Amino acid sequence: MRGLKSIMANSPVLLIIAAFAAVPLFVANMYYLQVLVFIGIYAILALSLNLLNGYVGMLSIGHAAFYAIGAYASAKLTIDLQLPWVLALAGAGAIAGGFGYLIAKPTLRLSGIYMTLVTLGFNMILFLVLQNWMGFTNGPLGIMDIPPPSIFGFALGSRLQYYYLILTLVLLTVFSMHRLMDCRFGRALTAIRENELAAEATGVDTTRYKTQAFVLSASYAGIAGSFYAHFVKYISPDSFTINESFILLAMLAFGGQGNLIGPMVGAAALILIPEIFRPLLEYRMFVYGGILIVMMLVRRQGLFGSRSYRLRLTRFDPSPVRVYQRGDKFLPEG
Amino acid sequence: MALLQIAEITKEFGGLKALRAVSLHLDEGEIVSLIGPNGAGKTTLFNCITGTMPPDRGSVRFNGEEIVGRPPHEVARRGISRTFQHIRVFGQMSVLENVMVGRDFRGRTGIFSALLRPPRVGREEAENRERCLEVLALFGERLLPRLDQPARELSYANRRRLEIARALVSGPKLILLDEPTAGMNPHETQQVVDLIRLICERGHSVLVIEHKMKVVMTVSDRIVVLDHGEKIAEGTPAAIAADPTVIEAYMGGRRRAQAD
């Protein structure tokens, strides 16, 4: 009974999932499916960046670095070590997270703009490493012939299968992030964003939480990178420039941050706009830029830029709120 | 043994000595007021106690344990919580969430248990919520009907109350209140005075910075007076009210006061 109730309470979410699952029935065009897959990849990336920029309020402007690490790690693991893709995916997440830790540990002591510059620098350095380390990354030529994802021996081939795989990954990302943000962890991150000094003074270990958030964010980006590598089957440093990081930031700016809906909307919008205006040829970037500018003028917080857009997937305490009287029992814990 | 024992604390900002060898103690169950003219170093002393701004010299012992040099969150974990002179609530979070953050360090839920959700996560969350509601109930009908409202939408007085609730909810042994009645009308001020007494009755000790003399005189067991970073007097409200050095510090000289 309770199960049914919670299913009913989540029905809008379930409907949306069902709609996305049914999309291929109506969209047979391979090109459209490809665009949808890219929206999925960027949705995960934007959500991962949102963890830092939206929830903790740390501005990271070099997030493509972790995307790149995930992509290269996954390619290397499957080609050189012959690992199955599922393990490579986990490995890409772990390695990107590891790099995230290495960056976060020394720099989180820095405040605000200094940390931001470190992320920018890391992105630039990583790009140069990928570009010049011929022996390992094959430099600007990139890595070719990356095997398609195989799940327990079943190798993916068609666009349709990729679509369902990325849909699953996006759903897992949303679901896991929702669980993280819906309890102690998410509350602490938001408190740090709202007022770091007060959070620290109330007993929140801000450095620890920020490190955790950074590592998590990096591993989500790494997972997106892994999918990208095996989807496109060819990666080169050009896909992971600073420009890529800025596109992610624009997605957050457009869709809104600090919730789980905004970044996905932003990703979808900023992937779709250039595609829709393809007939305008090179002028389409004018439209792209113009829409962003108008957006910033009209609605600065982004389309869904507030905490009130919440996915309520779970509720802890469905019981009605009790009203307490002033004399009620209240003793400090020993 | 005193709950809080501050010895010879000195804090300098460049050439300015904000605190000069200030010592004071606070026993368990006591309400001590910290008063003094603006710039006397009251808030700096709070910052030194909570680790927000460690002192240059001197020691702060809490429960017999040295806490100078510990980061603020560890000081909070040991049982000292505080409110701020300039209100610092988590504006975008709801009233209930604000208070729940106050119990963050009592939680056990980490990343993995948040993802896997063993039953204890739900229990912890429910217990946390329960206790927050109990604390919010201390403020009568002020905060309870507004549980889901973002804190930034609260009135000024309610935001102060919310800060106090957030500080109380972790069950601290000592609570530091930095001007809890600032900007409140006489009626609200009276409620805060009642609340401070109530907090004390519930077993918390209180160190409070306050400017309103009526509040100070009615609420405190002891008063400590700071002026230009030095402790110039300490004693019961009656003794402080009669202390000539205090009157001098506050009124800017006795002679002028008599001349008027």
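**Figure 1. The surface of chain B in this predicted model.** Let's start on the outside: chain B exposes about 10,700 Å². Carbon and sulfur atoms supply 50% of that exposed area. Charged side chains are counted here too, with 36 positive and 33 negative ones in chain B. Take the centre of each set, and you will find the two centres 3 Å apart.

**Figure 2. The overall build of chain B, with its helices and strands.** If you trace the chain from end to end, you will meet 11 helices and 10 strands. Chain B has a radius of gyration of 19 Å, close to the 18 Å that the globule rule gives for 260 residues, so this chain is as compact as a globular protein of that length. Along the principal axes, its C-alpha atoms fill a box of roughly 70 × 40 × 35 Å.

**Figure 3. Inside chain B: burial and contacts.** What share of the 260 residues in chain B is buried? The answer is 57%. Now look at the contacts in chain B with a separation of 6 or more: residues 24 or more positions apart account for 68% of them.

**Figure 4. Two cysteines of chain B, B:Cys48 and B:Cys200.** Are these two side chains buried or exposed? B:Cys48 has a relative accessible area of 3%, so this residue is buried, the cut-off being under 20%. B:Cys200 also falls under that 20% cut-off, with 16% relative accessibility, and therefore counts as buried. While we are looking at cysteines, recall that a disulfide is a covalent bond between the sulfur atoms of two cysteines. How many disulfides does the structure hold over all chains? The count is zero.

**Figure 5. A:Leu216 and the residues it touches.** Moving to chain A, you can find A:Leu216 in helix H11, which covers residues 206-232. With a relative accessible area of 13%, A:Leu216 is buried. Which residues does A:Leu216 touch, leaving aside those up to four places away in sequence? They are A:Leu51, A:Leu180 and A:Phe185, together with B:Ile111 from chain B. Pick out A:Leu51 for a moment: A:Leu51 and A:Leu216 are 165 residues apart in sequence, and their C-alpha atoms are 8.2 Å apart in space.

**Figure 6. Helix H9 of chain A, a mostly covered helix.** This helix spans residues 184-194, and nine of its 11 residues are buried. Among the buried ones are A:Arg184, A:Gly186, A:Leu189 and A:Ile192. A:Phe185 is on the buried list as well, and you have already met A:Phe185 as a contact of A:Leu216.

Definitions and conventions
Residues numbered from 1 in each chain as written. Chains lettered and ligands numbered in written order. Predicted model: local features only at pLDDT ≥ 70, side-chain atom pairs only at ≥ 80, totals over all residues. Heavy atoms only, no water. Helix = DSSP H or I, 4+ residues; strand = E, 2+ residues; numbered from the N terminus. Rg over C-alpha atoms; globule rule 2.2 N^0.38 Å. Buried < 20%, exposed > 50% of the residue type's maximum accessible area, 1.4 Å probe, protein only. Contact = heavy atoms within 4.5 Å. Areas by Shrake-Rupley, 256 points an atom, 1.4 Å probe, with all protein chains shown as cover. Lys, Arg positive; Asp, Glu negative; His and termini not counted. Charge placed at Lys NZ, Arg CZ, Asp CG, Glu CD. Disulfide = S-S within 2.5 Å.
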